[in-house]
Amino acid sequence: MDIHKVAVIGAGVMGAGIAAHIANAGIPVLLLDITTPTLDKLLKADPAPLMHPKNARLITPGNIDDHLAALRDCDWIIEAIVENLAIKQELYRKLATVRRADAVVSSNTSSIPLHELIAGLPDDFAAHCMITHFFNPPRYMRLLEIVSRAQTDQDALAKISYFCDHKLGKGVVTANDTPGFIANRIGIFWIQTAIHEAIALGLTVEEADAVIGKPMGIPKTGVFGLSDLVGIDLMPHLMHSMKHSLPAGDALLEKANIPPVIQTMIDTGYTGRKGKGGFYRLNRDGGEKVKESINLQTGEYSVSQAAKLDSVKASRDGGLQALVSHPDKGGQYAWRVLSQTLRYAAALVPDIADDICAVDTAMKLGYNWRLGPFELIDQLGVAAFAQRLAAEGMEIPPLLEKAREQGFYRHEAGETFYLQPDGTYTPLQRPAGVLLLADLKRHTTPLLENDAASLWDIGDGVACLEFHSKMNSLDPQILELIEESIAFIPNNHQALVIYNEGSNFSAGANLGLLVFAAQLGGWDEVDNIVRAGQRIYQTLKYAPFPVVGAPSGMALGGGCEILLHCDAVQAHAETYIGLIETGVGLIPSWGGCKEMLHRWSSFRKRPGGFLPPVLKCFEIISVATVAKSAQEAKDYLFLRPTDGITMNRDRLLADAKAHALTMVANYQPPEPPVFHLPGATARVAMEMAVNDFVAQGKATPYDAVIANTLAAVLSGGDTDITDTLSETDLLALEHQHFMQIVRNPATLARVSHMLETGKPLRN
Ligand code: NAI
């Protein structure tokens, strides 16, 4: 049975975020609290919990006194109230009286075991009760831990797992009913160890974060930056509530005490970004913003100093091994934190999870580690790791002992095997509908490749074009491989998917090359790239086979334009598409203006003739609009109404492939559009609007130059309504105006500034 309606009880940080995300999935949701909550906070929160403001319409707020009966219609009731067993149980007793017999009740508790939550409740209620542990913020954190018992109704469990995976896009991990489940059990241990050891070894917070961050494949917030982000009071709070249920002798209990310096911070309101500041703070006293950090020994703040550690430098070439074997304090620190944390994780399987994959996935999706604990041990070398533990007098957990010979993961004949607690190896199997290029790449070679892109065979006659340049920026090599792929595919394949597993689909055209060419006066080179991009994107559009773009993360500038030329797009829900060229003093010139004009005149027919689509494109492109989700991208027509959206990142490639296969039979390339554009009258109207913005101080004079250049293209140049323009005409206009503006020193200043700082220059 499907899930058609959900209720969330408790409209705090988590409950509101979970309700928003259920609305993101298109499912109506009741959001109840003690008193009826308002949705204002949800609409204003940053990062946005809603993928589209209109999703708020699916959320019905209410209160548990007046609206309890409405729960009768709900297939799933999620409890996200205060972390207090007695209060939660009191609520469950009420829910037991109103819940439909097959409705599932789940708790978002972060620390209370399921057997305690359901103690004393009727059997049929208990059989439909489980823990679904979301991470904060629920829209963005991919982990969902699910905890059930042998007595749990298996259909109910399957139904919730399926919904969370497919509809909410979560990486569902089955955890055992133990304190803190998987990610927080190890995560709290890791954070507490990292804090205690930094104090013991006399590291600064910058030094500790520099060691923990990039070298260990952990976000650069490290451990102190992370604590500031989530709230310094959260860990002690979680620790406190877990303490009574941890088994005696558990190593986490030894880490439970809060160092005095941190207790003082919490007591005085220095709880991180939500409080007066944290381990880091921005001091605005002198009128300027100065980044400061706390001295872990004295509790005093001073100006933040970047870390300079030889061990961190050594890790750039020598990896994790070089880091932990370096004699400086960074190396010692890395070893102390990793050795204890990884050993702790190894000692917890099969207690907290049935297998090591669940633990690795939980840490990757819940704490954003690039590698999970067992993958990290493999990287260090299991034998070397165990040997050093033994040499330092630490006990070796049985699972680690079993991995000594062949590691936790083994790759053999294209298959990956993982170590089971009994010492045998099991092939790693992805769920149906999950297809990962990373898996495929382990055992196949590309059909075509160069330094920036590769073409892979993903089965069933579908090829996959992958970018792998820096930030997946588009350069002549990628263009070359696209062209080769278009020639290659019809021989053995029937469709193409454009997809990669980088954090971003593409950051756009390679601006470094542009600056390089400009500085040498190589305008012919720039001209060639513009023409090549236009020609190759056109060839892609009219290729004799279907092409499906499958982006995730940012798809900007040229990365957006390639999607605009695909027959269809299957986008990950977290895709941020935009034409941002004006931000760097340019205009879209790989067919972006042309395709947007076509979309706005064919998908959104409005009264007013040819002018409204032109104005709409101008409005979108002139301010470098980037859609904040795939859902929002449809508002701007960066995506067509018919394009698909996949909630689960791991399902994107398989969905895109399936989408492409539906288009194969009787495929016909699109009909070339004919444009009717208003010409000078529209251009003048847009110029006047821009001049108003400049007069009001909302745009700089150079913004106006760029906007006017864009207006010249979008209005169709020197045409009038009785003329028609072809795609070739529009591409010629894009090219002509791009080549003019790119020579302007103010444009080059914008491009250089973006390359140096990552931020736009408003000159
Ligand atoms: P919160 O304090 O922000 O919100 C709790 C909400 O529950 C409040 O709006 C309160 O009015 C409401 N409430 C309390 N008793 C109620 C009752 N009897 N009936 C209806 N509403 C009631 O708490 P938060 O952080 O959202 O946590 C909720 C649950 O999620 C807790 O179990 C917590 O352990 C868990 N959790 C929290 C995470 C976090 O990062 N904050 C992460 C994962 C889980």
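**Close-up views of strands β15 to β17 and of an annotated domain**

**View 1. Strand β15 and strand β16 form a hairpin with three residues between them.** In this predicted model, strand β15 covers residues 448-449, and its pairing with β16 is antiparallel and runs over two bridges. Within this pairing, Glu449 is the residue that stands opposite Ser454 of β16.

**View 2. Strand β16 is largely enclosed by the rest of the structure.** The strand spans residues 453-457, and it is described as largely enclosed because four of its five residues are buried, where buried means a relative accessible area under 20%. In a regular strand, side chains point alternately to one face of the sheet and to the other.

**View 3. Strand β16 also forms a hairpin with strand β17, with four residues between the two strands.** Strand β17 comprises residues 462-467, and its pairing with β16 is antiparallel, extending over five bridges. Leu455 has Leu465, in β17, as its bridge partner, while in the turn that links the strands Gly459 has a positive phi of about 90°.

**View 4. The two segments of an annotated domain are shown, as placed by UniProt at residues 180-281 and 334-418.** The feature is recorded in an unreviewed UniProt entry as "domain: 3-hydroxyacyl-CoA dehydrogenase C-terminal". Over residues 180-281 the chain is 51% helix and 2% strand, with the C-alpha atoms at the ends of this segment lying 30 Å apart. Over residues 334-418 the chain is 60% helix and 9% strand, and here the end C-alpha atoms are separated by 26 Å.

Conventions
Residues numbered from 1 in each chain as written. Predicted model: local features only at pLDDT ≥ 70, side-chain atom pairs only at ≥ 80, totals over all residues. Heavy atoms only, no water. Buried < 20%, exposed > 50% of the residue type's maximum accessible area, 1.4 Å probe, protein only. Pairing = 2+ DSSP bridges. UniProt positions renumbered as here; feature names shortened; annotations may be inferred.
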